[in-house]
Amino acid sequence: MSILNANKAYQNNSVQTASPGELTLMLYNGCLKFIGLARTGIELKNTEQKNTNLLKAQKIIQELMVTLNMDLEVSKSLMTMYDYINRRLIEANIQNDVKILDEVEDYVLDFRNTWKEVIQINRRMQHGETGRV
């Protein structure tokens, strides 16, 4: 098995065995990766790289939007923020604006870091409930 195939198999296994919380964390990390690649595309004046990666970032934000449970009040706030981020990604793509990407990246980083902390707290609570420390 080649290194590329082994890496792809590892990634597929990681996604298939991840908890819903870990999947959300992966989405945030992917979004950050694509924003970074889009920024590089803008800086290098590589329109295809910019566009492709901003579309990928938008798809991730859209996926986060459709998975929200709108019966919860917090989901309504998240929907507003995700919608704003999505619109700003479109604007960054049209305007080739790195400053917009900086703004959006800050929001996604905040979401990712908060989500990561929630996962860590949940793990600590689960370990405490089962007697493991």
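**Exercise 1. The buried face of α3**

Determine which residues of α3 are buried in this predicted model, and where they lie around the helix axis.

*Solution.*

Step 1. Apply the cut-off: a residue is buried when its relative accessible area is under 20%. In α3 this selects K50, N53, L54, A57, Q58, I60, I61, L64 and M65.

Step 2. Consider their directions. These residues cover an arc of only 155 degrees around the axis, which places them on the same side of α3.

Step 3. Relate this to helix geometry. An α-helix has 3.6 residues a turn, so residues three or four places apart point the same way.

Step 4. Inspect the other side of α3, where E48, K59 and V66 are exposed.

Step 5. Check the length of the helix. α3 has 20 residues and reaches 28 Å from its first C-alpha to its last, close to the 28 Å expected at 1.5 Å a residue.

Step 6. Examine the start of α3. There, a side-chain oxygen of N46 comes to within 3.3 Å of the backbone nitrogen of E48.

**Exercise 2. α4 and two of its asparagines**

Establish whether the span of α4 agrees with or departs from expectation, and identify what N86 and N93 contact.

*Solution.*

Step 1. Compare the spans. The 23 residues of α4 should span 33 Å at 1.5 Å a residue, and the helix agrees with this because its end C-alpha atoms are 33 Å apart.

Step 2. List the buried residues of α4: S75, Y82, I85, N86, R88, L89, A92 and N93.

Step 3. Take N86, a residue of helix α4. Its relative accessibility is 10%, so N86 counts as buried. Leaving aside neighbours within four places in sequence, N86 is in contact with Q58, I61 and Q62. Of these partners, Q58 and I61 are among the buried residues of α3.

Step 4. Add a distance. N86 and K59 are 27 residues apart in sequence, while their C-alpha atoms are 8.8 Å apart in space. K59 itself is exposed, on the other side of α3.

Step 5. Take N93, which also lies in helix α4. N93 counts as buried because its relative accessibility is 11%. With neighbours within four places in sequence set aside, the contacts of N93 are K50, N51 and L54. Two of these partners, K50 and L54, belong to the buried residues of α3.

**Exercise 3. The nonpolar core**

Identify which elements build the largest nonpolar core, and describe the surroundings of L101 and T24.

*Solution.*

Step 1. Begin with the core itself. The largest nonpolar core has 23 residues, and those with the most contacts inside it are I35, I61, Y82, L89, L101 and V108.

Step 2. Assign the contributions. Two or more residues of this core come from each of α2, α3, α4 and α5. The largest share, seven residues, is given by α2.

Step 3. Follow L101. Not counting neighbours within four places in sequence, L101 is in contact with I35, A38, R39, I42, L54, L89 and A92. Among these partners, I35 and L89 are themselves listed with the most contacts inside the core.

Step 4. Turn to T24, found in helix α2. T24 counts as buried, since its relative accessibility is 18%. Beyond residues up to four places away in sequence, T24 touches L64 and W115.

Step 5. Place this in the context of the chain. The chain contains five helices and zero strands. Among contacts with a separation of 6 or more, 61% join residues 24 or more positions apart. Of the 133 residues, 29% count as buried. The accessible surface comes to about 8,900 Å², and carbon and sulfur atoms account for 55% of that area.

**Exercise 4. Positive phi in the loops**

Locate K45 and N96, and state whether each is buried, partly exposed or exposed.

*Solution.*

Step 1. Recall the background: most residues other than glycine have a negative phi.

Step 2. Consider K45. It is not a glycine, yet its phi is positive, at about 55 degrees. K45 is placed in the loop between α2 (20-43) and α3 (47-66). Its relative accessible area is 72%, so K45 is exposed.

Step 3. Consider N96. Its phi is also positive, near 50 degrees, in a residue other than glycine. N96 is found in the loop between α4 (73-95) and α5 (98-129). N96 counts as partly exposed, because its relative accessibility is 43%.

Notes. Residues numbered from 1 in each chain as written. Predicted model: local features only at pLDDT ≥ 70, side-chain atom pairs only at ≥ 80, totals over all residues. Heavy atoms only, no water. Helix = DSSP H or I, 4+ residues; strand = E, 2+ residues; numbered from the N terminus. Buried < 20%, exposed > 50% of the residue type's maximum accessible area, 1.4 Å probe, protein only. Contact = heavy atoms within 4.5 Å. Areas by Shrake-Rupley, 256 points an atom, 1.4 Å probe, with all protein chains shown as cover. Expected span 1.5 Å × (residues − 1). Arc of directions from axis to C-beta. Polar contact = N/O pair within 3.5 Å; in protein donor to acceptor, adjacent residues only side chain to side chain. Core = buried A, V, L, I, M, F, W, Y, C linked by side-chain atoms within 4.5 Å.
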